[in-house]
Every structure is written in C-alpha cells, then in structure tokens.
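This report describes how the parts of one protein chain are arranged and what surrounds its ligand. Please examine the sequence and the structure before reading on.

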Amino acid sequence: MQNTPILIVGGGIAGLTTAWHLAKSGCGASVTLLEAENQLGSHSTALNAAILRTLGPDPLFTRIGLQSAEFLRNPPPGFSEVPLIDALGLVLVAAPGRQEEIRAWVAALQVPEGHVEELDRDGLRAAMPGFEAEVGAAWSFPREGRLDIAAIVAGFTRGAREGGVEIRRGARVASLLEEAGRVVGVRLTDGNSVRGETTVLAAGGWAQALGRSVGSRVRLRPTLRHLGVTAPVASVERSWPVVWYFGASNEEEFYCRPEGGGMMVSACEVVDTDPDRLEIVDECRTEIARKCGVHLPLLEESGLAHFWCGMRTLTEDGHFVVGADPDRPGLFWVAGLGGSGMVASAEVGRIASALLLGEDVEPELVKAMSPKRSAVRA
Ligand SMILES: Cc1cc2nc3c(=O)[nH]c(=O)nc-3n(C[C@H](O)[C@H](O)[C@H](O)COP(=O)(O)OP(=O)(O)OC[C@H]3O[C@@H](n4cnc5c(N)ncnc54)[C@H](O)[C@@H]3O)c2cc1C
C-alpha cells in the first residue's frame, strides 16, 4: 500500500491545475494524481467549446475568470510553445429586454480601457456579418475568443510532472477508504489501495457519488450539454468572433464560433444526466438545428458534421466547490466547475493548492466556493 500526503482523484483540468500549483509551491513530491482513463483530460476537459468568456452575472467569478485569463495570456516561461488564447474576439449580444441585465454585468467590470466596447447595430454587423437576432445591445471583448485546450492541458501536466507529482493513468478509484470517520485514501478497481492524508475529489461529474459514498453532504448537479460543428461553408470567415446570445429567455440562449471552416454551435441546454450513462439526446440536435436556422441563416441546410455531448457539473448558486469537506475530515473538493472550468482553470488550481497548504486565500473566495455553504449541502 502506497502512502502519500495529497491524493488527487481525477486528471481533468481541476485535478491537473491543482497538481500544477502544488508542484510550483515545491510540494509536488507529496502529490499523487489518479486518473481512471488512459488519457488525461479526456472527459469534460476535452469535450468543451474552448471559449474564453469571462463576463458573467457574478463579479467575483468574473474576476476569477479575468485573473485566470491573464495567466493563460502570459503563462510562465516554458509552460507552452504556442499561445494558449486565440483572441478572435467575443461578442455578447442581449435580446431586447435583457440589455439592462447584461449592462449591469459590464458596469461591474474592473478592466483596463479597450477590454470591452459597446457595439451599435452597424458595429455588430461589421463584427459578425453572419449573425441574425433581435438585438437589444451588444458588447465586444476583443481580447477574448478561443482557448487551446490541448496546449493548456499539456502545460499543466508537464509542469506538475516536472515538479515531482506522480501521475497515474488507468487508475480508477472504486471507493474511498475510511478509518474512524476520516477519509484516509482510496481503493482502486485493481484491488490496490493508496493512502492519503488528504484525498482531493477532482472527479468532475463523478465527484458527488464518491463523496456521498462516505457520507459527504456535498451536492452537485451533473448535466449534459451538446455541441455541434457544421460542415464547412464557403461564406464562413475564420476570423469571425465568438458570439454569445442571451435571448429573451434562458431557453433562447445560443453561442457559436468558427471551427474547421464551419461553425461550432450550442443551444445552451441544461439536461440532467447520470455520469455513467452519457448519451446524446436527439431533441438537442433538433434544437441546435432550429437555432442555427434563426441565427446563422448563411449555413442554410449545411448539416452537422460532428455532434457530441459532455458534462457540465453545476451547483445551485453557480459557484465552484473548492475546500475541505465540512463533514468528512481528510476529504477535499475541487469540483462543480460548471461551464467555465477551462477559463477559470489557473485560478481554481491556485486557490485549491493554497487551501491545501494552509496558505492565506482571499476570504471572499473561500466563502463563495466553500463546501459548507447551504447551496451545495443536502
Ligand atoms: C459542452 C460543453 C461546453 C463547455 N464549454 C466551455 C467553455 O467554452 N469554456 C469553459 O471554460 N468551460 C467550458 N465547459 C466546462 C468545462 O469543460 C468544465 O468545467 C471542466 O472541463 C471540468 O473539469 P473537471 O476536471 O472538473 O472534470 P473532467 O474534465 O470531467 O475531469 C474529471 C476526471 O476525473 C476522472 N475520474 C472520474 N471518476 C474517477 C475515478 N473513480 N477514479 C479516477 N478518476 C476518475 C475522469 O476520468 C475525468 O478525467 C464546457 C463543458 C461542456 C460539457
């Protein structure tokens, strides 16, 4: 039986960034990361839309996104040989009736000049001639756009390994080990056990079930989201920005960006799911096609060349879950990254690592992500 002070379960972005920051703090040799699959980052971390959008309704989480984006924009030397952000630009469009809500998000932003610019109708048409919608207002974020997910995952993985973290692939945790009410490690499906002083649940949509099996009351909501990429269309420009449309209701949300000569599109649905039975829902394909017909008429009848779904693990208040479990000593959470885990990756890892090492973290961040808060406890 192996013994390690910090045991991370899950080699998606949550586990990898936590491991990377622990390694950068000089503690890598005390960390083992266990990933069930033979490849790291092959679930939500590989199946997302790779969009860098930082603005949201909560200024605290917008700030986390901005800080994380700054890391990705200027990563430490040796992190990546290629840029991690392709600044295509991102345009947020509010339907009539939604503009004041989004304007309030923009007003709360503390950003340098040039980060955001309000677009009038002509400005929106010039920025994204292919997009059609009822428009109340629109804003352009020229520094945002598309993330290079493979390079981000590679950078965090390399840094963690070089800093001494042991990364074990094909190591699926079957159950958590408990002694006298304390979580003391894990048992793997091959029968071996790995003991840890702290076991970090960074297992995405699977984290909740693992936590619950030892009586944790942390509650997460695994949901499905589908993405499609259309066949190439001659009129699509590779330089178009990401467009994120906040329709008259949440059901009318939509986003798109250029991909492979066509467009990547999402109908932004939220469908509850069982992480062990991820399956495409056919109605979601129909809904994407409907929204494409409304917002991207230039695509005409071009069908979806690719269509897939992935898991977004949500919380009731939309905040992440990072911190020690209040009921189960020895258990620590880095989960519930919802729909912005890639954008927030660098900051999530920094906060998780600091808390694990007993370092100071801004109290408002600790509170907002605490596994103690009522929004994530059954
Ligand atoms: C369709 C879609 C679009 C999205 N678009 C964006 C976007 O544009 N921008 C953005 O920032 N975010 C986006 N997201 C969200 C983002 O992808 C997630 O927040 C992020 O990937 C979550 O990372 P994770 O490490 O928590 O989970 P995962 O990537 O799922 O990693 C969890 C890991 O734990 C492992 N694991 C599970 N159980 C065990 C076990 N028992 N033993 C060992 N290992 C285990 C899994 O194999 C997996 O590798 C999107 C998500 C989806 C689904």
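## Domains, a helix pair and the ligand shell

The C-alpha centres of domain 1 and domain 2 lie 31 Å apart; the domain bounds come from an automatic or database domain assignment. Their contact takes 11 residues from domain 1 and seven residues from domain 2, where contact requires C-beta atoms, placed from the backbone, within 7 Å. The model is predicted: local features need pLDDT of at least 70, side-chain atom pairs count only at pLDDT 80 or more, and totals for chains, interfaces and linings use all residues. Residues are numbered from 1 along each chain as its sequence is written.

Helix H1 (residues 13-24) packs against helix H6 (residues 149-162) at an angle of about 40°, and their axes are 8 Å apart. Axes are lines fitted to C-alpha atoms, for helices over the stretch in contact, and angles run from 0 to 180 degrees between N-to-C directions. Helices (H or I, at least four residues) and strands (E, at least two) are DSSP runs, numbered from the N terminus. Residues of H1, including Trp20, meet residues of H6, among them Phe156.

Around the ligand there are 39 residues, of which Gly10, Gly12, Gly204, Gly310 and Gly341 come nearest; such a residue has its C-beta atom, placed from the backbone, within 6 Å of the ligand. Each domain supplies at least three residues of this shell.

The table gives residue classes: Ala, Val, Leu, Ile, Met, Phe, Trp, Tyr, Cys and Pro count as nonpolar, Asp, Glu, Lys and Arg as charged, and the others, Gly among them, as polar.

| Group | Nonpolar | Polar | Charged |
|---|---|---|---|
| Side of domain 1 that touches domain 2 | four residues | seven residues | no residues |
| Contact of H1 with H6 | eight residues | three residues | one residue |
| Shell around the ligand | 19 residues | 15 residues | five residues |

Notes: Contact = placed C-beta atoms within 7 Å.
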